[in-house]
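Got the viewer open and a selection box ready? Let's walk through this one stop by stop, picking residues and strands as we go.

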Amino acid sequence: QVQLAESGGGLVQPGGSLRLSCAASGFPFSNYNMAWYRQAPGKEREFVARIDAKNTYYTDSVKGRFTISRDNAKNTLYLQMNSLKPEDTAVYYCKPVALNSWGQGTQVPVSS
């Protein structure tokens with residue numbers, strides 16, 4: 001059974017940083033491309049970043065501020081978020097690209 005547990009969210013001021021983690025189990029983590037998505041209040045869930053064997057991809061609004069990474073030995077996906085803006089406020093989710101499985105998400109409110 002695929003399990004995804006996001007953590008690391010919390011209230012942060014504009015300009016601040018957070019590091020999100022996603023602990024994965026129930027599937028061969030190292031074999032799967034992984035992604036982060038987010039859903040802001042009243043909006044559709046949107047793609048944020050993706051990591052495959054060699055490359056990383058980002059939505060334009062986070063390029064240069066967010067960094068996706070993974071530790072296959074720990075079955076964990078990360079999202080380092082710097083220079084946070086109020087418009088980054090959302091619930092953040094991790095997901096294996098090829099699987100239709102979602103965790104509970106972690107909330108990131110960006111506010112002064």
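In which loop is Ser 83 found? Select Ser 83 and you'll land in the loop between E7 and E8. One caveat before we move on: what you're looking at is a predicted model. Check the backbone here, since phi of Ser 83 is near 50°, a positive value in a residue other than glycine. As for solvent, Ser 83 has a relative accessibility of 40%, so it counts as partly exposed.

**Next stop: Arg 65**

Keep Ser 83 on screen and add Arg 65, which touches Ser 83. Arg 65 sits in the loop between E5 and E6. Is Arg 65 buried or exposed? It's buried: the relative accessible area of Arg 65 is 10%, and the cut-off for buried is under 20%.

Now show everything around Arg 65. Leaving out residues up to four places away in sequence, Arg 65 touches Gln 80, Met 81, Asn 82, Ser 83, Leu 84, Lys 85 and Asp 88. Draw a distance from the side chain of Arg 65 to the side chain of Asp 88: there's a polar contact there, at 2.8 Å. If you want a sense of scale, jump to Ser 7, which is 58 residues from Arg 65 in sequence and 19 Å away in space, C-alpha to C-alpha.

**The four-stranded sheet**

Color E1, E2, E7 and E6. In that order, E1-E2-E7-E6, these four strands form an open sheet with antiparallel pairing. The edges are strand E1 (3-7) and E6, each pairing on one side only. Going from one strand to the next, the twist averages 15°.

Zoom in on E6 and E7, which pair in the antiparallel sense over six bridges. Two bridges to pick out here: Phe 66 has Met 81 in E7 as its partner, and Asp 71 is bridged to Thr 76 in E7. Met 81 should look familiar from the surroundings of Arg 65.

Follow the chain round the turn. E6 and E7 make a hairpin with four residues between them, and Asn 75 lies in that loop between E6 and E7. What is unusual to look for in phi at Asn 75? Phi is near 50°, a positive value in a residue other than glycine. Asn 75 is partly exposed, with a relative accessible area of 29%.

**The five-stranded sheet**

Switch the coloring to the other set: E5-E4-E3-E8-E9, in that order, is an open sheet of five strands, and the pairing is antiparallel here too. On the edges you'll find strand E5 (56-58) and strand E9 (106-108), each pairing on one side only. Neighbouring strands of this sheet are turned by 30° against each other on average, direction ignored.

Pull up E3 and E8. Their antiparallel pairing runs over six bridges, and Arg 38 stands opposite Tyr 92 in E8. Leave Tyr 92 highlighted for the core stop.

**The disulfide**

Which cysteines does the disulfide join? Select Cys 22 and Cys 94: their sulfurs are 1.9 Å apart. The pair links distant parts of the chain, with Cys 22 in strand E2 and Cys 94 in strand E8, 72 residues apart. A search of the whole structure turns up one disulfide, so you can stop looking after this pair. Set up the torsion about the S-S bond of Cys 22 and Cys 94 and you get about 50°, so the disulfide is right-handed. Both Cys 22 and Cys 94 are buried.

**Last stop: the core**

A bit of background: in soluble globular proteins, nonpolar side chains tend to be buried together. Here the largest nonpolar core has 27 residues. Show side chains for Trp 36, Leu 77, Leu 79, Met 81 and Tyr 92, the members that touch the most other members.

Which elements give two or more residues to this core? Select strand E2 (18-25), strand E3 (34-39), strand E4 (45-51), strand E6 (66-71), strand E7 (76-81) and strand E8 (90-96). E2 gives the most, with four residues. Finish by turning both sheets back on, E1-E2-E7-E6 and E5-E4-E3-E8-E9, with the core side chains still displayed.

Key:
Residues are numbered from 1 along each chain as its sequence is written. This is a predicted model: local features need pLDDT of at least 70, side-chain atom pairs count only at pLDDT 80 or more; totals for chains, interfaces and linings use all residues. Side-chain values use heavy atoms; hydrogens and water are left out. A nonpolar core is a set of buried Ala, Val, Leu, Ile, Met, Phe, Trp, Tyr and Cys residues joined through side-chain atoms within 4.5 Å. Buried means under 20% relative accessible area, exposed over 50%, partly exposed in between (1.4 Å probe, protein chains only). Two strands pair if DSSP finds at least two bridges between them. Axes are lines fitted to C-alpha atoms, for helices over the stretch in contact, and angles run from 0 to 180 degrees between N-to-C directions. A disulfide is a pair of cysteine sulfur atoms within 2.5 Å. Contact means heavy atoms within 4.5 Å. A polar contact is a pair of N or O atoms within 3.5 Å; within protein, one must be able to donate a hydrogen and the other to accept it, and residues adjacent in sequence count only if both atoms are side-chain atoms.
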